[in-house]
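Got your viewer open? Get ready to select residues as we go, stop by stop.

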Amino acid sequence: MRTLNSIFASLTVALLTGPVSAHEFWIEPLEYQIQTASEIKAELKVGQEFNGSSYPYRPTQFERFDLVADTVTEVQGRIGDNPALNMVAPSDGLIVVVHETKDNRLTYTEFHKFEKFVAHKAFPNVIEEHDKRGISRERFVETYRRYAKALVAVGDAKGADIAVGMKTEIVALANPYTSVLSEMPVQVLLDGAPRANAQVELFEKDAAGEVNITLHTTGVDGKVALPVKQGYRYLVDAVWAEALPNNDPEKGAVWKTHWAALTFMNPE
């Protein structure tokens, strides 16, 4: 008989290493605005076009899971909890939910899929560099790590997003719950520094669940102003590809991708 832990482990592996492994990862609050001392509930999602499957709380699969405001509160849960986050808000204000996964692996056996991914995420010179490094096109491994944030308003919602020290992250430069916004300014960081000329993908979802996707590019300061509408939910995504110091697929991964995501709502 399979144990409960083995069932959850199989589910997690399927979500993280199956066909959706190259898709977006994000934190999706069940409610983006809650009352003082209410529970923050949010799902960890993997999918495409701001729609996907949720997977449960499983601490062996993540590096960190925090609520960040004036202080940092580690998310506590039980293995298998879904939604993965279900905690009383630690304080009033803007709460930044932070989740960083551990590394995961993806094996490519069809090079055209890697080419399609590289083109979609606008990685300059990656294909050229792959060939220049002498890496086989027949079979190779990419590792990847996800760095997700979500903005949740508690009570008066006052406060601001901040950099939380992840390898790469997206920082909101305005508070959508205390300001009327037609644009959301964000900054993409890599190793704490602005990431210039980064492609930013904006997923916009209306109340009926319809999704519109637009592409944007950061300036030299890593900043870009994203168009937003009142009453819509948003996922912001930016990915960076790193060449690993190994050119032999038989010895391990040759590429690593780092995925940054930010979710928020722009209320009416």
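**A tour of salt bridges and cores**

Across the whole structure, a search turns up 20 salt bridges. Keep in mind that what you are looking at is a predicted model. Let's visit a few of those pairs, then look at the nonpolar parts.

**Stop 1: Arg64 and Asp66**

Select Arg64 and Asp66 and show their side chains. They meet in a salt bridge, with 3.0 Å from N to O. Are these two buried or exposed? Both Arg64 and Asp66 are buried.

**Stop 2: Glu115 and Arg137**

Now pick Glu115 and Arg137. This is another salt bridge, and here the closest N and O atoms are 4.0 Å apart. Color helix H2 (residues 111-120) to find Glu115, then look for Arg137 in the loop between helix H3 (126-132) and S10. The pair therefore ties together parts that are 22 residues apart in sequence. Turn on the surface, too: Glu115 has a relative accessible area of 33%, so it counts as partly exposed. Arg137 is also partly exposed, at 36% relative accessibility.

**Stop 3: Lys121 and Asp237**

Next, select Lys121 and Asp237. Their salt bridge has its closest N and O atoms 2.9 Å apart. Which parts of the chain does this pair tie together? Lys121 sits in the loop between H2 and H3, while Asp237 belongs to strand S17 (residues 232-243), so the linked parts are 116 residues apart in sequence. To judge how hidden the two are, remember that buried means under 20% relative accessible area. Lys121 has just 4%, so it is buried, and Asp237 is buried because its value is 3%.

**Stop 4: a network**

Select Glu63, Glu100, Lys102, Asp103, Arg145 and Lys256 together. Salt bridges with shared partners join these residues into one network.

**Stop 5: the nonpolar cores**

Hide the charged side chains and select Ile40, Phe65, Leu85 and Phe264. These are the residues with the most contacts inside the largest nonpolar core, which has 58 residues. Now color strand S10 (residues 140-154): it gives the most to this core, with 7 residues.

Zoom in on Ile40. What does it touch, leaving out residues up to four places away in sequence? Its contacts are Ile34, Leu67, Leu85, Asn86, Met87, Ala89, Ile95, Val152 and Val154.

For the last selection, try Phe111, Val118, Val126 and Val239. They are among the 17 residues of another core, which lies apart from the largest one.

How values were computed. Residues numbered from 1 in each chain as written. Predicted model: local features only at pLDDT ≥ 70, side-chain atom pairs only at ≥ 80, totals over all residues. Heavy atoms only, no water. Core = buried A, V, L, I, M, F, W, Y, C linked by side-chain atoms within 4.5 Å. Buried < 20%, exposed > 50% of the residue type's maximum accessible area, 1.4 Å probe, protein only. Helix = DSSP H or I, 4+ residues; strand = E, 2+ residues; numbered from the N terminus. Contact = heavy atoms within 4.5 Å.
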